Amino acid sequence: MKKRTPLLWLLWFCLTLTGGGALAATMYYGGDYRSIFLIGKTTDGHHQIEMACDACHTDMFGGIEGLQKGCMNCHGDELKAANDSHPRSKFVDPRNADRVEKLDARFCVTCHREHQPGITNAMAVTMPTDYCALCHEDIAKNRPSHEGLAFETCASAGCHNFHDNRALYEDFLEKRHAEPDFKDVLLVNLVTWTPSEENAKKKPTVLTAADADAPAAHLGAPEHIADWALSGHATGGVNCSGCHQPRKRTRPDEWVAAPGADVCATCHAPEVKTFTEGKHGMRQRDGLWVSRDDAFGPFKSANLTPMTPALARLPMKSDAHDTALTCNTCHGAHKYDVVFAQVEACESCHADDHTQAFRMSPHNSARDREMAGELPKGSGVTCATCHMPRHLLRDDYGGEQVIVTHNQNANLRPNEKMIRSVCADCHGLKFTIDALADPALIARNFKGKPAHHIESIDWVENRMRERARQKQQ
Ligand code: HEC
Ligand code: HEC
Ligand code: HEC
Ligand code: HEC
Ligand code: HEC
Ligand code: HEC
Ligand code: HEC
Ligand code: HEC
Ligand code: HEC
Ligand code: HEC
């Protein structure tokens with residue numbers, strides 16, 4: 001018996017090695033065979049790219065560091081922008097070594113494992129909800145207000161998040177605690193800016209139908225030209241060739257029949273980039289935005305097609321099942337009508353309760369009144385106001401541009417992200433925090449008052465009163 005053990009070991013070892021090698025090779029070169037090795041249902045955030053194994057498994061034998069690199073490639077900038085409360089730097093600091101021993105928060109996969117549907121909660125968190133206790137067990141001692149609170153409630157009751165606390169910091173609550181539910185002027189900040197003197201001089205030439213520069217063979221139906229002549233492109237000086245002949249100087253006889261996102265990106269790079277960061281465009285990230293030197297870019301090797309409702313996990317309209325998500329899905333050529341894109345386009349695919357309730361909401365009434373000219377510009381709320389807000393983008397060269405965020409996940413979860421980017425324009429902080437903590441109200445698309453109240457803002461008020469009293473004494 002004893003003698004045979006090493007042989008069995010050797011056999012086991014060889015089998016594992018071949019198996020492991022086959023697995024690793026499949027992850028990199030496997031094409032259609034990849035699904036065989038997919039060991040469990042992928043999280044909702046990543047199901048669309050699950051066949052791009054090497055997007056996460058960046059290094060064939062890289063283990064946890066290889067995974068970390070994958071996570072940071074796609075989420076690094078976003079966590080930095082969110083002023084992450086628990087960045088890796090906090091945990092490589094030797095002063096926190098005792099805490100890391102309890103929970104290795106240096107690595108994303110400690111809390112966000114993949115292929116583990118049985119233990120996966122909202123936002124792909126694979127930890128039991130009371131884990132904050134591991135590092136903050138003393139909180140009740142330092143903060144009398146926290147006495148008796150259960151650790152499950154730290155991050156589930158609208159008080160804290162692990163990463164993004166920009167709208168929940170105490171000084172933010174203090175500054176805004178007294179705001180009324182409805183502000184004086186209910187207007188969304190449409191972001192206005194004054195162009196530099198130099199830019200102000202560069203007025204585009206407004207084009208008309210007679211200016212259309214397409215070769216006669218490609219002029220097409222007169223409606224195209226009429227639609228184009230009324231669009232922002234004609235008034236912005238963009239002729240037919242701007243889209244259909246993007247390389248006119250080097251290839252004068254080229255005609256691109258259906259210009260795609262790569263062409264739009266020549267003028268609208270920030271829209272295309274953000275599009276590839278959310279669930280509408282994430283499958284097109286590689287190639288469109290990330291240019292790679294290596295031949296085995298993860299998405300190219302997985303041959304991912306654009307997203308369609310048929311591939312979705314969320315409820316979708318059945319007649320839209322095969323509609324591909326590209327730039328021209330919400331912006332039909334050649335109208336490029338942004339009003340259609342704000343609500344009607346979304347409704348043509350999404351079929352969840354929240355979407356279907358929108359038309360009955362007070363926000364939609366305000367939009368109707370804005371369109372009828374009864375309320376000033378910016379009074380209405382559309383799907384895009386909340387999910388694709390406008391903001392000012394400063395580039396590295398000192399330029400400024402107003403862009404529409406095309407990553408509709410950027411402020412979606414945890415939903416407190418929406419406070420600063422959207423609701424705060426029109427509503428008070430207390431009202432907003434309560435509204436966003438009420439799932440039934442979200443399902444009704446904000447028709448009615450919040451049914452819950454989050455107490456953290458009361459505690460802040462108590463502390464302010466206490467401080468004022470002490471000052472008086
Ligand atoms: C979105 C990122 C992501 C994608 C895409 C992904 N994985 Fe994973 N995978 C992970 C993470 C994270 C773990 C570690 C899970 C854990 O520790 O429980 C893992 C673990 C595994 C494991 C267990 C062995 C190990 O290395 O820990 C296998 C096998 C595996 N993945 C196969 C695949 C295959 C095959 C594909 C493509 C069809 C794929 N994965 C796509 C993130 C991903
Ligand atoms: C190729 C890019 C890419 C890689 C690699 C990647 N992610 Fe993601 N991840 C996304 C996108 C896109 C989404 C969906 C949009 C969103 O929720 O922000 C997402 C969603 C998530 C979510 C869920 C957010 C939610 O609201 O449900 C978590 C958590 C997450 N990723 C963590 C990770 C971790 C941890 C890794 C490394 C193992 C990783 N991601 C690797 C692109 C990526
Ligand atoms: C100690 C546990 C823990 C670690 C480590 C961790 N996360 Fe998270 N993550 C969470 C929790 C909890 C949430 C749920 C929302 C919240 O509380 O912030 C979350 C949410 C997210 C989200 C979606 C919401 C958002 O704020 O964007 C992303 C994306 C994400 N994590 C990515 C990462 C990445 C990438 C890493 C590694 C750099 C990482 N996480 C490390 C616990 C963790
Ligand atoms: C692995 C250890 C660890 C875990 C788990 C952890 N934290 Fe922390 N947390 C820290 C460290 C380290 C700091 C830095 C300040 C300090 O030393 O207390 C911190 C700081 C904070 C702060 C201070 C505010 C800030 O942004 O600087 C808050 C609030 C907080 N954590 C909440 C939470 C919540 C809520 C959870 C659970 C969702 C959690 N933490 C889980 C280690 C941890
Ligand atoms: C902003 C970019 C853009 C501009 C400017 C533009 N087009 Fe197009 N055009 C497109 C896109 C995108 C398609 C593909 C539409 C589709 O697939 O639904 C298209 C399709 C077409 C087609 C083929 C459609 C069909 O039904 O056969 C013709 C013809 C055409 N354009 C002519 C023109 C002419 C003429 C002009 C100038 C007056 C023009 N285009 C300006 C983007 C543009
Ligand atoms: C040659 C540069 C160029 C190309 C290529 C281009 N655009 Fe534009 N686009 C513009 C300019 C300039 C404007 C007007 C900007 C403004 O009004 O601020 C504009 C405006 C728009 C608008 C807003 C229209 C409005 O009425 O407010 C949308 C939507 C749009 N473009 C989408 C696209 C899409 C989708 C593509 C690819 C099929 C594309 N663009 C290709 C330059 C371009
Ligand atoms: C899911 C629908 C949807 C898709 C897909 C989409 N857009 Fe948009 N886009 C919108 C909405 C909605 C607005 C207007 C938001 C508003 O007015 O509040 C907009 C606005 C724009 C604008 C700015 C218009 C202005 O007035 O400043 C540009 C440029 C643009 N989109 C380009 C693109 C490009 C390029 C793509 C492809 C990467 C794309 N869009 C894909 C929905 C979409
Ligand atoms: C062509 C169909 C289509 C159109 C048009 C469309 N969507 Fe989507 N949307 C999808 C699909 C498919 C997903 C991904 C669902 C999944 O991965 O399960 C998605 C995802 C989303 C998500 C993320 C949901 C989540 O839980 O992470 C939001 C928010 C969203 N869409 C809002 C909008 C808005 C706002 C508009 C209009 C400006 C719009 N969509 C237009 C098909 C569409
Ligand atoms: C006043 C802001 C607001 C408006 C208007 C709005 N939404 Fe939402 N939407 C939210 C919030 C908040 C959530 C919930 C995020 C969370 O907590 O998961 C959400 C969630 C979603 C989701 C994800 C649902 C899921 O189950 O994961 C989709 C898809 C979506 N919205 C699409 C739309 C569409 C389409 C419209 C327009 C018909 C619209 N929303 C209008 C704020 C808004
Ligand atoms: C452009 C301004 C604007 C923005 C941005 C906005 N709202 Fe509103 N909201 C309104 C208006 C206007 C009403 C209707 C007031 C009325 O009926 O008198 C309203 C009504 C509501 C109501 C119903 C209140 C009631 O008494 O029936 C809720 C809840 C609500 N908003 C929540 C939100 C949340 C949460 C956000 C952010 C995700 C948000 N709103 C963003 C303007 C806005």
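**Figure 1. Lining of the second largest pocket in the predicted model.** By class, this lining comprises 22 nonpolar, 12 polar and seven charged residues. The second largest pocket has a volume of about 1,200 Å³. Its lining counts 41 residues, and those closest to the pocket centre are His136, Ile139, His146, Cys154 and His160. Two or more lining residues come from each of α5 (88–92), α7 (133–136), α8 (139–142), α9 (170–176) and α27 (456–472). Helix α27 gives the largest share of the lining, four residues.

**Figure 2. Residue shell around ligand 5.** Ligand 5 is surrounded by 19 residues, with Cys240, Cys243, His244, Asn328 and His334 the closest. The elements that contribute two or more residues to this shell are α11 (222–230) and α13 (240–244). The largest share, three residues, belongs to α13. Two histidines make polar contacts with ligand 5. A polar side-chain atom of His244 lies 2.8 Å from a nitrogen atom of the ligand. For His334, an N or O atom of the side chain is likewise 2.8 Å from a nitrogen atom of ligand 5. The shell divides into 11 nonpolar and eight polar residues, with no charged residues.

**Figure 3. Coordination of the iron atom of ligand 6.** The protein donors are the NE2 atoms of His233 and His268, which lie 2.0 Å from the iron atom. The arrangement around this iron atom is octahedral because its six donor atoms subtend angles of 86 to 179°. Of the two protein donors, His233 belongs to helix α12 (residues 232–235), whereas His268 is found in the loop between α14 (261–264) and α15; the pair therefore ties together parts that are 35 residues apart in sequence.

**Figure 4. Residue shell around ligand 7 and coordination of its iron atom.** There are 18 residues around ligand 7, and Cys327, Cys330, His331, Arg390 and His406 come nearest. Helices α15, α18 (327–330) and α19 (338–342) each supply at least two residues of the shell. By class, the shell holds 10 nonpolar, six polar and two charged residues. The iron atom of ligand 7 has His331 (NE2) and His406 (NE2) as its protein donors, at 2.0 Å. The six donor atoms form an octahedral site, with angles of 86 to 180° among them. The pair links distant parts of the chain, 75 residues apart: His331 lies in the loop between α18 and α19, and His406 in the loop between β2 (400–404) and α24 (417–421). Both histidines also place a side-chain N or O atom by a nitrogen atom of ligand 7, at 2.7 Å for His331 and at 2.8 Å for His406. In addition, a polar side-chain atom of Gln342 lies 2.9 Å from an oxygen atom of ligand 7.

**Figure 5. Coordination of the iron atom of ligand 8.** His280 and His350 coordinate this iron atom through their NE2 atoms, at 2.0 Å. Six donor atoms subtend angles of 88 to 179° around the iron atom, which makes the arrangement octahedral. The ideal angles for six octahedral donors are 90 or 180 degrees. His280 is located in the loop between α15 (269–275) and α16 (285–288), and His350 in the loop between α20 (344–347) and α21, so the pair ties together parts that are 70 residues apart in sequence.

**Figure 6. Residue shell around ligand 9.** Ligand 9 is surrounded by 21 residues, and the closest are His354, Cys383, Cys386, His387 and Asn415. The shell is made up of 11 nonpolar, eight polar and two charged residues. Three of the closest residues form polar contacts with the ligand. A polar side-chain atom of His354 is 2.8 Å from a nitrogen atom of ligand 9, and a polar side-chain atom of His387 is also 2.8 Å from a nitrogen atom of ligand 9. For Asn415, a polar side-chain atom lies 2.9 Å from an oxygen atom of ligand 9. The elements that give two or more residues to the shell are α21 (353–357) and α23 (383–387). Helix α23 accounts for the largest share, three residues.

Terms used. Residues are numbered from 1 along each chain as its sequence is written. Chains are lettered from A and ligands numbered from 1 in the order in which they are written. This is a predicted model: local features need pLDDT of at least 70, side-chain atom pairs count only at pLDDT 80 or more; totals for chains, interfaces and linings use all residues. Side-chain values use heavy atoms; hydrogens and water are left out. A residue is near a molecule or strand if one of its heavy atoms lies within 4 Å of it. A polar contact is a pair of N or O atoms within 3.5 Å; within protein, one must be able to donate a hydrogen and the other to accept it, and residues adjacent in sequence count only if both atoms are side-chain atoms. Ala, Val, Leu, Ile, Met, Phe, Trp, Tyr, Cys and Pro count as nonpolar, Asp, Glu, Lys and Arg as charged, and the others, Gly among them, as polar. On a 1 Å grid over the protein atoms alone, a cavity is a set of points where a 1.4 Å probe fits but cannot get out, and a pocket is an open set with protein on both sides within 12 Å along at least five of seven lines; lining residues have an atom within 4 Å of a point. Grid points are joined across faces, edges and corners, and a volume is the space filled by probe spheres set on the points. Donors are N, O and S atoms within 2.8 Å of the metal (3.2 Å for Na, K and Ca); water is not among the atoms, so sites may look incomplete. Four donors count as tetrahedral if all angles lie between 85 and 135 degrees; four count as square planar and six as octahedral if opposite donors are over 155 degrees apart and all others between 65 and 115; anything else is irregular.
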